[in-house]
Amino acid sequence: MSLSTARSFLSEAGYGEQELDANSALMELDKGLRSGKLGEQCEAVVLFPKLFQKYPFPILINSAFLKLADIFRLGNNFLRLCVLKVTQQSEKHLEKILNVDEFVKRVFSVIHSNDPVARAITLRMLGSLASIIPERKNAHHSIRQSLDSHDNVEVEAAIFAAASFSAQSKDFAAGICNKISEMIQGLDTPVDLKLKLIPMLQHMHHDANLASSSRELLQQLVNSYPSTPMVIVTLHTFTQLAASSLIDIPKQLQLLLQYLKDDPRKAVKRLAIQDLKLLAKKAPHLWIRENTQTLCECALTSPYNSLKLGMLAVLSTLSGTIAIKQYFNPVTGSSSVPPRLTDLVKLAQECCYHSNLAVAAHGVIVLANIAISCPEKDIVQLEQDTVLGVESLLMLCSQDSSSSAQATLKTALTSLVQLLKSRPHLSQSAVEFLLGQLHSACDASRVLMCHALAAIATHLPVLGDGMLGDLVDLYRVASHSSTDKQQELLVSLATVIFVASQSSLSAEVKMVIKQQLENVANGWTVYRIARQASRMGCHEFSSELYQSLRTRVASEHFYFWLNSLKEFSQAEQCLSHVEDGNYSAAMSAIAEALRSYQKGIASLTAASTPLSPLTFQCEFVKLRIDTLQALSQLICTCNSLKTSPPPAIATTVALTSGNELQRCGRISMQMKVSMDEFRSLAARYSDLHQSSFDADYATLRNVELQQQSCLLVSHVIEALILDPQAASFQEYGTLGSVQTESEYERRMMSVFNRVLEEHTGCLCDAVIALLKVPLSFQRYFFQKLQSTSIKLAISPSPRTPTEPIPVQSSQQLTLKVEGVVQHGSTPGLFRKIQSVCLNVTSTLQSKTGPDYKIPLDTKTNEIEQRVEPHNDYFSTQFLLNFSILGTHTVTVEASVVDESGIEWKTGPKTTVSVKSLEDPYSQQLRHQLQQQQQQAGAQPAPQRSAYARF
């Protein structure tokens, strides 16, 4: 019964349970550990990793590991094996064990067992703990002793432990290196044991002497033991050691290339290729021209497709790095060979038309990377060869739906898109070819080709009009069944049509898409197409699709979500009819849009749930509403100059006050209010940007553009009306140099530049120009691909949430803050956490001591620390001073810093209440002083007499 309770608790998804729940689960597991049945004990042990995942804080993990250590000490070998597996699964939690000595002591006691299997499991346990006990001499000694054991199981366990400790401890690696060398070179050591001992040498990289001696030993082994297994293991260990020590990579490249060229065994060649690829990723800058040339010669002469494929994979990795530039820029003094005549280009051209699709794909990658990075001279022929190679591969793969053909097609299309980005003049012919292939390709290939066309049209919108006719014709006949690939094709084709039409869909196009959706599309496909329409600015069409979907969902939250999207699309559709110069129509359109937005925000709030609070969406829409209201108010302010001109005494008032703006009358103050409002909106957009750590780049760029549009309007108000001389556009930034990535961004940038450059003087025209750009609802509004959250634990913690923590005023409070970084299914997809910034502030809420003036610096504490998470865990301490008696509120706020050094306000924010009490000694002194004062006040005054005068 107890284990079923624990299992049900641990199987629940989500975080945020209280400590009491975690402790109760630990107690239930403890009951299972103390059970008399072996099955229940094993089941309790294997549930511990879920407990650690559920509550990853040290106080519970320490208790749990001590219980596991007891089971390891007292249980049988099967239980020990279960504890070992749990320890290896929970490797990232090991550093949270607080009583390391006690834990190791309980585990280590089994090393003295007479059972070699028990000793072997203990050795593997010690090896798994090497990260937290790297310098334990008793563990080092036991591993050395066990290497001499006559039991094979114990020796293998000792080798595992020795490798683990060598990776962590410099002293152990230096001490064990000679013993390993003797065992490897000893004649009495079996060959299979030598094959297990050799990989240990890859960890001997802690200093140059150790790495050098290990390399010499490996060199001797390669020469002394030419058998295939020995050469393979030794060469791979050689490569790992060189990759870790870095200084020997050039020598290792030469050695691997020598074996690739001269050794006739395919297994050795395959291993050499595998290690060359590892070094190509690790240190491409160390590949000199001779290395690449040797690899090309081997690939040209190899008769085996599998080996040729491996060598081309290495070359395709190198072709996207600095190594390709070193290959085409020879050292001074050597003769320069035209790129087309080099062996690398010959090899790539030959492989582009190879019968093996994987070989052809790598040939295309190499050729495309050469065409992108090659010097300008002699480039025309290379470009033509690359395009022909890609087109032939596309033609070959587009009608084949097998997985290998689809992988090759994806590779070829990716290379084509990259080539067209750097060589735009090739785009027209490439697009025509892709459109021609779309009609004859299979559905899976059509989806990939649509993605490529969308990427090309995004970067070169001028090609969109030419695509549209063919795409609409294809959409008419695209789908004849409801298979997954057909549904995916409908979405992909619709996306390309939206990109090509640049947010202005004709009635014919809408009718074609709707007919197909009504015939074969399911609800999810319709939603995905509507989502793409919202992203591309086709709001009228997306509104109709959301309207049709509202009643087809099973949850009221989904209904409100779709209803809010419909209202937002209708609101943006109202703004699309705004015309230049028609200010009253613009005011009416904004008012109509605001009505829809208000309905939408109400539905959006109803759609939020505790697990999905829709924070970003709500804030983004609120900012859009406030921006539209500010733009409407600006038009009213501009019009008020006609309805309420400056009074006759405005000039006199301006001269008297010394403020030239008073000549304009009340509009000057209204303009100042409007400017401040736009700057406030820009600051709020900046806050939204900073809080969106998990957003994709396009969404962040969208928020940034909204912020810059508000800054632009505020600067234009300042420059044209308030203070033309002192206006500064420095905050606005250099927008012209930024490469645009979407149609929405491109149109916004053109408006920015026009308003900044022309200074036409009419703010209303600027407002209308901004309104005419359809708002783009980017991916993060609909979909969260990356999820990152921080969970904090503060100690000391109050017994109840409302009870303050007592502290004496003469002492300082040590506040310990621990935290765990929690990730979703794809951690670090857009950005990773480099460090966590913890900000602790305290404010005095109520004072209980005597009422006198308190210096401001004693009322508050403000401390900030940055800590780097290790295995998603961090911990730090703050020393806080509460010298003022009373109740203080302590706020701990976390923010994260990514790898670029940018700080993101992700939260969370936690508050605790602290009550500062008077210490007993001060209280005693105060009581004594009060008593003395009372006694002095109670003594009778001396009587006056005539003698008292003299």
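How exposed is Lys 672, in terms of relative accessibility? Lys 672 counts as partly exposed, at 39% relative accessibility, where buried means under 20% relative accessible area, exposed means over 50%, and partly exposed lies in between (1.4 Å probe, protein chains only).

The structure is a predicted model, in which local features need pLDDT of at least 70 and side-chain atom pairs count only at pLDDT 80 or more, while totals for chains, interfaces and linings use all residues. Residues are numbered from 1 along each chain as its sequence is written, and side-chain values use heavy atoms, with hydrogens and water left out.

## Salt bridges

Side chains of opposite charge can pair when their charged atoms come close. With a salt bridge taken as a side-chain nitrogen of Lys or Arg within 4 Å of a carboxyl oxygen of Asp or Glu, the count comes to 34 salt bridges. Three of these pairs are set out below.

| Pair | Closest N to O distance |
|---|---|
| Asp 30 and Arg 34 | 3.2 Å |
| Lys 514 and Glu 544 | 2.2 Å |
| Asp 676 and Lys 672 | 3.5 Å |

Asp 676 and Lys 672 both belong to helix H35 (residues 667-691), where they stand four residues apart, about one turn of the helix; helices here are DSSP runs of H or I with at least four residues, numbered from the N terminus. Like its partner, Asp 676 is classed as partly exposed, with a relative accessibility of 37%.

The salt bridge between Lys 514 and Glu 544 links distant parts of the chain, since Lys 514 sits in helix H28 (residues 507-520) and Glu 544 in helix H30 (residues 539-549), 30 residues apart. Lys 514 is partly exposed, at a relative accessible area of 27%, and Glu 544 is also partly exposed, at 28%.

In the pair of Asp 30 and Arg 34, Asp 30 is buried, with a relative accessible area of 16%, whereas Arg 34 is exposed, with 60%. Elsewhere, a network of salt bridges links Asp 70, Arg 73, Glu 102 and Arg 106.

## Cysteines

A disulfide is a covalent bond between the sulfur atoms of two cysteines. When a disulfide is identified as a pair of cysteine sulfur atoms within 2.5 Å, a search of the whole structure finds zero of them. For Cys 298, the closest cysteine sulfur is that of Cys 296, which at 9.3 Å is too far for a bond. Cys 351 is likewise in no disulfide, and the nearest cysteine sulfur, in Cys 352, is 7.5 Å away. Cys 298 is buried, with a relative accessible area of 10%, and Cys 351 is buried too, with 0%.

Technical notes:
Helices (H or I, at least four residues) and strands (E, at least two) are DSSP runs, numbered from the N terminus.
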